[in-house]
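Work through the exercises below with the structure open. Each task is followed by a stepwise solution.

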Amino acid sequence: MFRFIARRLLQIVPVLFVIVTATFFMVRFVPGGPFTSEKALPPEILKNIEAHYGLDQPLWRQYLNYLGRIAHGDLGPSFKYANRSVNEIIGDKLPVSLELGGLALAVALALGLPLGVLAAVRRNSWVDYLCSTTGMIGICVPTFVLGPLLVLFFAIHLGWVNASGWYDWTDRVLPALTLGFVYAAYIMRLTRGGMLEVLNQDYIRTARAKGASEARVVLRHALRGGLLPVVSFLGPAIAGILTGSFVIETIFQIPGLGREFVNSAFNRDYTLVLGTVMLYAALLVLCNLAADVVQVWLNPKLKFE
Amino acid sequence: MKSARLIPPVLWLLTSVLCFTAACARRESAVARGNREGVLHLSVGSEPADLDPQTVTGLADAKICHSLFEPLVTYEPGTLEPKPALAERWDISPDGLTYTFHLRADAKWSNGEPVTAQDCVDSWRRILTPSLAADYAYFLYLLRGAEAYHKGQTTDFATVGAVARDARTLVVTLTHPAPYFLQILLNSPWRPVNVRSIAVVGDAYRRGSPWTRPGNLVSSGPFVLKEWSPHQRVVVEKSPTYYDRARVRLNAVHFYPTDSIDAEERAYRSGQLHATWALPLAKILPLQREKNPALRIDYNLETYFFRLNVRKAPFGDARVRRALSLAVDRDTIAGKILPGGRLPAPTFTPGFLKGYTPPARTAYDLEAARKFLAEAGHPGGAGLPPIDILYNNSEILRLVAEAIQQMWKRDLGLDVRLVNQEYKVVFASRRSGDYQVLLGTWTADYLDATTFLDMWRSDSGNNHTGWSDPAYDALSDRANTIADPVARAAVLAQAEALVLNAAPIVPIYFNTHVYLLHPAVKGWQPTPGDHTDYRYVWLEDTK
């Protein structure tokens, strides 16, 4: 197992290298630069600014300088936010996204798993129909509709929570619910599907024949196999949910990394684009690895190879 | 059995309901608390890139800087007359070239040091130092010798027209008479900073110094920086060292960088904000109809207009350009298509700009438009290639472009296509001249016609139309030599008439600043350039 994990971790290095290289050159070929603005700068001033950030050097040298920099863990200064470094911005914003993502994930699992199991066990009953319909609605209603609706009701109409911001624990409720609902719907449907498949298997019949209680059959024997599709979904989903959602962060004005990621591209903040892309890539690879490990652990038919 | 399975979801629901009811009672909103405690909650639209008045370019950044840094001269709200600030009085030489400012004795930095004339000179030296790479350093080219110093032609700052005669006397020499000089001192780049305190935390002459962090920032204005949480809020509190502190009625201002206008509107409605930065287009008309007291419409010195690329056929022909301009029904666009009290723009410079009367124009005349088109050899639009209107992906620009596409099609028989690009891509296309008709905006930097008219000089970096005329440059140069404001304005109006007749630009409408302002906010008097002096603002609960 350790060799498997070590090998996969080593693969991250070339993956990141390819991603950094591709991103570095792609952002440079986009028209407009970090200092392009409505009001044109006199050429002398533009030259001073570009010299300050080393943008006056040939592209290949800038690329090599950048690689040298990231080898030392320095992601460079932000072009947009003059007195902040990319390391600092990520250090500030990532914890916020992790917190929001963690809470949303908790909501998603707490809602999705039990409802999925329930729907599978009470298959084709009103419980199943209710859960499936709710799940379908959850998948279909986009967050940019659900979020403002929740704000309208709980923040504006009832005045219980703030409409936006990230100041105290009450500000966590609506964003976590909005983001969590969507994932809960997916998890519910995947759990239901996985459980239905497993509940028809021979070993479940054996367990029942041996007189195991229904709760034991479902929770102990079936759930482990029924969760497999959920786990493979959760790998990339957790990476997405933890790195922040641009839409949720914008609706609720949360100072997370998702907004920085998208806005840095609009601002042509080259170093911030590269920093966030690298972070996302690394997280995605790590989460996929974790999902693979958990799958082997859950499914005795699989082995580390 | 059944109930056991139901336990997890029921438990979860129960906890969430409990959590919610714990915070259940309608809480006192930030606005209500702010009204009680004298704390103003404002949205500033976007996260400030920095709080260094000498390097910032964004409107949000400037708004916050203005609460922290005092200018030499400010304005009287309402009349917009110059009014003493750091300078208690000033003398102007008869030729309008030399200004002698007498600084007040009680002006202090927030670290207790007095604000001296040398501080002003040091500040201007800092912004003009090439290594600082300040975007708006060219604003100071009005100072004699500043341009040469900034472009590195000399390293002797004594050649620049800013001298501290003694601790409280500052003598400024200009390159040409500029009746707007006292006004321009309001702009961030001109506001003095404390260079000594900047040098303590880093290189004062390079970007990216952390001197603008709370705890490091030394300021001279009515407020001092207390907190800067990126993408959350910037908190400034009443300064105990400000010379006019007796007049300051707010205890603090919280600036929120809300970059979604929908989110800020919701935040306003839930009682988190006293004022929004803007308002979604769809929300304006209903509020206008119900005469909502929170709806605020201020005149803005911002013109929406077309650039016509004269290097591309058929726009090389002035008659075609005139025809296009005459066929734009500005009243319909400003009055019917767009909500928010926008004004039709027969000229490029707004008529409500003080001290300047734009040339009288008939802006909309379909008959004349068709005649010009026929004279150019295209009766009824015959023989003209399809025209592309380029604009960036903003909702309001799309509405305007669609309306004019329809007008030109219906009234001139032209085939018009709309081309939409991301905003920085539009700037790149504009610079490379890769467009036919470009829809854009121009916002005044200061309250004078030259901020609009200097654009169309042949040496302007913002022209981008390919049009130039030595006669226009000559008029503009002549205006710069005239000290008498009335005679100067008349020459500038001649220049404007010239560029409007040549029509490399088609003014469409003057924008307004539409936003929500809570009725509890009193003494709110922004200038047309959107400077708000928070000294005069106070909060009064209307309930």
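**Exercise 1. Place A:Q295 in this predicted model and describe its surroundings.**

Step 1. Find the element. A:Q295 sits in helix α13 of chain A, which spans residues 270-298.

Step 2. Classify the exposure. The relative accessible area of A:Q295 is 16%. The cut-off for buried is under 20%. A:Q295 is therefore buried.

Step 3. List the neighbours, leaving out residues up to four places away in sequence. A:Q295 then touches A:L228, A:V231, A:S232 and A:L302.

Step 4. Look for a polar partner. A polar atom of the A:Q295 side chain lies 3.5 Å from the backbone oxygen of A:L228.

**Exercise 2. Determine the exposure class of A:G193 and its distance from A:R224.**

Step 1. Locate the residue. A:G193 belongs to helix α7 of chain A.

Step 2. Apply the accessibility classes. Partly exposed lies between the buried limit of 20% and the exposed limit of 50%. A:G193 has 33% relative accessibility, so A:G193 counts as partly exposed.

Step 3. Compare sequence and space. A:G193 and A:R224 are separated by 31 residues in sequence. Their C-alpha atoms are 13 Å apart.

**Exercise 3. Characterise the interface between chain A and chain B.**

Step 1. Check the confidence. The model has an ipTM of 0.88 and a pTM of 0.91. Chain B has an average pLDDT of 91, and 95% of the residues score at least 70.

Step 2. Count the contacts. On chain A, 68 residues are in contact with 68 residues of chain B.

Step 3. Take the area. About 5,800 Å² is buried between the two chains, and carbon and sulfur atoms give 55% of that. In chain A, the residues that lose the most area to chain B are A:K39, A:N83 and A:W160. Together they account for 13% of what that side buries.

Step 4. Count the polar links. There are 21 residue pairs in polar contact between chain A and chain B, both residues being at pLDDT 80 or more.

Step 5. Assign the chain A side to helices. Those that each supply at least two residues include α2 (43-52), α4 (86-121), α6 (143-157) and α7 (170-199). Also among them are α9 (214-226), α11 (246-251) and α12 (257-267). The most comes from α4(A), with nine residues.

Step 6. Sort the chain A side by class. The residues touching chain B are 38 nonpolar, 16 polar and 14 charged.

Step 7. Search for salt bridges. Five cross the interface of chain A and chain B. A:R268 forms a salt bridge with B:E422, with the closest N and O atoms 2.6 Å apart.

**Exercise 4. Compare salt bridges within the chains by position and exposure.**

Step 1. Start from the total. The whole structure holds 38 salt bridges over all chains.

Step 2. Take the pair in chain A. A:R69 and A:D74 form a salt bridge, the closest N and O atoms being 3.5 Å apart. A:R69 is partly exposed at 35%. A:D74 is also partly exposed, at 30%.

Step 3. Turn to B:R535 and B:E70. Their side chains meet in a salt bridge at 3.8 Å, N to O. B:R535 lies in the loop between β17 (521-522) and β18 (538-539) of chain B, and B:E70 in the loop between α3 (59-68) and β2 (73-75), so the pair ties together parts 465 residues apart in sequence. B:R535 counts as buried at 3% relative accessibility. B:E70 is buried too, at 3%.

Step 4. Take a pair within one helix. B:E265 and B:R269 meet in a salt bridge at 3.5 Å, N to O. Both lie in helix α8 (residues 261-269) of chain B, four residues apart, about one turn of the helix. B:E265 is buried at 7%, whereas B:R269 is partly exposed at 39%.

Step 5. Trace shared partners. Salt bridges join B:E70, B:D244, B:R247, B:D533 and B:R535 into one network.

**Exercise 5. Which residues of helix α14 of chain B are buried, and what covers them?**

Step 1. List the buried residues. In α14 (residues 423-431) they are B:K424, B:V425, B:V426, B:F427, B:S429 and B:R430.

Step 2. Identify the cover. The cover includes α12 of chain A. From chain B, it includes β11 (295-308), β13 (387-392), β14 (416-421) and β15 (437-443).

Step 3. Inspect the end of the helix. Just after α14(B), B:G433 adopts a positive phi of about 70°.

How values were computed:
Residues are numbered from 1 along each chain as its sequence is written. Chains are lettered from A and ligands numbered from 1 in the order in which they are written. Side-chain values use heavy atoms; hydrogens and water are left out. Contact means heavy atoms within 4.5 Å. Buried area is the accessible area (1.4 Å probe) that two parts lose on being put together, summed over both. A salt bridge is a side-chain nitrogen of Lys or Arg within 4 Å of a carboxyl oxygen of Asp or Glu. A polar contact is a pair of N or O atoms within 3.5 Å; within protein, one must be able to donate a hydrogen and the other to accept it, and residues adjacent in sequence count only if both atoms are side-chain atoms. Ala, Val, Leu, Ile, Met, Phe, Trp, Tyr, Cys and Pro count as nonpolar, Asp, Glu, Lys and Arg as charged, and the others, Gly among them, as polar. Buried means under 20% relative accessible area, exposed over 50%, partly exposed in between (1.4 Å probe, protein chains only). pLDDT is the predictor's confidence in each residue, from 0 to 100.
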